[in-house]
2 protein chains.
Amino acid sequence: MMQTPLTVGSMLEHAEKFFAKKEVISQTHDQLHRLTYADVGERTRRLMSALNQLGIEKGDRVGTLAWNHHRHLEIYFAAPGMNAVLHTINIRLSPEHIAYIINHAEDQILFIDEDVLPLIESIQDQLKTVKAFVVMTDKDTLPESSLTPFYSYEKLLEIGDPQQAFVTDMDENDPAGMCYTSATTGKPKGVMYSHRGIVLHTMALGLANTAAVSESDVLMPVVPQFHVNAWGMPFAGTWFGSTLVMPGPHFTAKRLADFIERYRVTVTAGVPTIWIGLLRELEQGSYDTSSLRGVLCGGAAAPKGLIQAFEQKLGVPFAHAYGATETTPLVTYSRLKSYQQNLSEEDKINERAKQGALVPGIEMKVIGSNGEAAWNGEDMGELLLRGPWIASEYYKDDRTEEAFHDGWFHTGDVITVDEEGNIQIVDRTKDLIKSGGEWISSVELENAIMAHDKVAEASVVGMPDAEWQERPIACVVLQEDLNETVSKDELLQFIRPKFAKWSLPDDVLFFDEIPKTSVGKFMKRQLRDHVKDHYKV
Amino acid sequence: MMQTPLTVGSMLEHAEKFFAKKEVISQTHDQLHRLTYADVGERTRRLMSALNQLGIEKGDRVGTLAWNHHRHLEIYFAAPGMNAVLHTINIRLSPEHIAYIINHAEDQILFIDEDVLPLIESIQDQLKTVKAFVVMTDKDTLPESSLTPFYSYEKLLEIGDPQQAFVTDMDENDPAGMCYTSATTGKPKGVMYSHRGIVLHTMALGLANTAAVSESDVLMPVVPQFHVNAWGMPFAGTWFGSTLVMPGPHFTAKRLADFIERYRVTVTAGVPTIWIGLLRELEQGSYDTSSLRGVLCGGAAAPKGLIQAFEQKLGVPFAHAYGATETTPLVTYSRLKSYQQNLSEEDKINERAKQGALVPGIEMKVIGSNGEAAWNGEDMGELLLRGPWIASEYYKDDRTEEAFHDGWFHTGDVITVDEEGNIQIVDRTKDLIKSGGEWISSVELENAIMAHDKVAEASVVGMPDAEWQERPIACVVLQEDLNETVSKDELLQFIRPKFAKWSLPDDVLFFDEIPKTSVGKFMKRQLRDHVKDHYKV
């Protein structure tokens, strides 16, 4: 067989040729753009040529601080297309972390959305490697800025050669992209994506067994392009010739609903928070969502009620998926098997509430307290992953060894696997409560408590215990508006039927709020400190 | 990213775990078998272990002379699964060619269907490398045979370890399979398939943009497993958890129709001849074919009437595909684009009569008489291909250089490409008629002549011409049963409206038959000799 490398650039080349007329519909700060893949291809070639002229070379990191729009899409292909590295930066991180990331990745150039300029201006003195700043504006004149040298994206394209070739003579294991993931403690950790990894991952997204992204789709990635390449959706949409709808900066649920109706969106992808907001909007307004064939949900487990609402009220299949920054990210995808089509509605929802089965190409191992966990939906174990789009290390980071050893990526996620091979995340290893040799899932307790009408939020942490090693303590925030209260005993009574007695929390503490990360996850380490303080008082 | 190799064995491992209950339904000489992928997995492991015990090692060629059934499927995974090489042999070739192929590939062991035993017995004295013969029989006792040493497949499985591991620690570029293709002149030519090539090709078959093979499919590969791995369908069906229906030895159109109805087949794949026979059977009998979602057709161009009959009478989408032994084989797949759904029925059929657009992952170049041919549906050029599942050579064969040079596989097929990127095969380079600097497609003339009611077959060859270099001569066989005749002038008049005057045949000769190859293709070289003889007389 020929030794043809799998390259990111070739995916756009395919779209330029075979989907030349298909469109990318893109909302920016100022206007709505409609471009064809022929246009995107030409602009990407111009951009590669302009980057060459600015001195960007093979392996150089090209940073982006931007929302989902066509210019960001073009950089997705231009940077790897010239054998440089696309480095998407999470604009929601603290300025301190953003400065760290840019310096650690040694970004040579930054592409910045207008609204992110003040943030970068505030840290510009700390940036050690950046040689140029480019603002992605629709305006003819450059915005005022202290950044220097400072370019306009569209002006750069003007100096670029529209025929610039993609680099194809490369090793498919060369880095094509990178993304930093926030760590529980310390600085964010970087993950490098190879051309090979991204191309194979994109193929996986096109499989009929998974997301089945195809030419007949109108794809709207709501998950930000600065989160693990928007889960690979911009790559898949382009390679397979879908119409791409990019919702742009500071989108609202209303804009998403409008776009779904106006552009006949068939597939959209995002985190549960987005879908909760969209559901509210769809219930309040009157929108035609009949074009939707799938809502892809990842990043966190979706509550069963949300899945039910989308499936039953809107008639839209809700597809749970699981992955991480270290896994490019698609690892599992939830899809009923053909022989499960006759299950009751409730059983179907229960299946869909799981994270699904491994996508073809990835292998897993589930290691519990006594070796490999059985596939019975009950035994818990840490999920280990292996495959061509799973990272092998953190970029120049001592913490590599904690997560990557013995040939596997140790996800830190505790899961069960049912007989069908569907996984369900039950906890993070570090949040799992180890009590008397048994494992107690903090997440299962939290879900059970949160099912109570009067509870707004619940987080369960393991606290040191002389006899049992650890014991669960529940931390609860009550619904604000109810003016009603609920006692510790009432709550324990409420969840008792679902749990073995020894796994019930020893105590329930009531708080006004629970500390959360920037992406809305409970900060359990801080919560443990609060609980310690509580008992000290 | 991890350096995890893409391996054939891992595809079956995925099915064993995630599609353990799904079935392979297999017709053999004596009975119908129903196995699960868990069964197939265990039997494949036993087979690998037994082959080990027989001394088969890494890189050894494992030959098969067999129809489509579950045992053949198991060898598809067992040979590459142990890092040996699956070598499928076309049982329809001449004994002389079969002996040549087995010796040239240096097969160590042969797996043989009962009805093929006499053929192998007749050439056993010529076989230089075969150390063992295995008959795939359902019977408890070994058939009489002069082959030695001679084993029964099922008895071999009994000595095998059901837990034998697949070899995963290998180079993905290691050979996994091989297949010989008949050449126009001389001995058959061998093509080696790597693990990487087969796995990537299988992914391509699962893409929603192409054949979309998935868990919800019931897949019946009618194309023989000795033809380019049955176009990869057994690999795709297994990896993606489809129910596989294997029609077994000497199947009839009636069996195919029965199986479609009984097992609710959704996708089937084969050459036009098969579909012509099936169509006749479906029209005569009363079958429920409502489960079919696609009929995949390749190997030769399907007549428009056949496509029309399947699509309009049976409501079954007919999908044209193109490939070759050298291309694993899927290269193009015909699928209407979303914006073509409103075309008239006739325009749709015209689109579907083309071979379709390149599947993602493959690149092409089309070289005509004046460089790259324009994508206008008219300019002709030879199709050149490049990609990770395109061969780079013929196995130990001097003829490699003719077809593989400058980094491309020169297919020898002359095509046009329309604006949508859909290709249409118009001729073989060697059959193309070069007249006064222009190219004339023999195939287009043949199709036009065959559209005449009274014509059964037509073949057009280029004959040397002093002034024009070459000129077309049409060779025609009339319909036998009509007792009617048609003159040269009448035929030329009939096709005149469709062609430029200079491209019409100079003469029309009438024959009783036209010489054909074993796979039904016109043997134009011999025909040219006949025409020469005709003019001599």
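Chain B superposes on chain A by a rotation of 180 degrees with 0.0 Å of shift along the axis, at an RMSD of 0.1 Å; the fit is by least squares on the C-alpha atoms of residues with pLDDT of at least 70 in both copies. The two copies are thus related as by a two-fold rotation axis. Both copies use the same surface, since 100% of the contact residues of chain B recur in chain A, where contact means heavy atoms within 4.5 Å. Among the residues of chain B, L207(B) comes closest to the rotation axis, with its C-alpha at 2.1 Å.

The model is predicted, with local features needing pLDDT of at least 70 and side-chain atom pairs counted only at pLDDT 80 or more, while totals for chains, interfaces and linings use all residues. Residues are numbered from 1 along each chain as its sequence is written, chains are lettered from A in the order in which they are written, and side-chain values use heavy atoms, without hydrogens and water.

Helices (H or I, at least four residues) and strands (E, at least two) are DSSP runs, numbered from the N terminus. Two strands pair if DSSP finds at least two bridges between them.

One open sheet of chain A has 7 strands in the order β7-β6-β5-β3-β4-β8-β9, with mixed pairing. Its edges are β7 (150–152) and β9 (189–194) of chain A, each with a single partner strand, so one side of each has no neighbour in the sheet. Another open sheet of chain A has 9 strands in the order β2-β1-β11-β10-β12-β13-β14-β15-β16, also with mixed pairing. There the edge strands are β2 (32–36) and β16 (357–358) of chain A.

One strand pair from each sheet is listed below.

| Strands | Sense | Bridges | Opposite residues |
|---|---|---|---|
| β8 (residues 175–181) and β9 of chain A | antiparallel | 6 bridges | P175(A) and S194(A) |
| β12 (residues 267–270) and β13 (residues 294–297) of chain A | parallel | 4 bridges | G270(A) and C297(A) |

Helix α7 (residues 195–206) of chain A lies across β8 and β9 of chain A, at about 75 degrees to β9(A). Axes are lines fitted to C-alpha atoms, for helices over the stretch in contact, and angles run from 0 to 180 degrees between N-to-C directions.

Helix α1 (residues 8–18) and helix α2 (residues 37–53) of chain A have axes that come within 8 Å and cross at roughly 140 degrees. α1(A) and α2(A) are therefore oblique to each other, as angles under 35 degrees count as roughly parallel, over 145 as roughly antiparallel, 65 to 115 as roughly perpendicular and the rest as oblique. The contact includes L12(A) and E16(A) of α1(A) and Y37(A) and R45(A) of α2(A).
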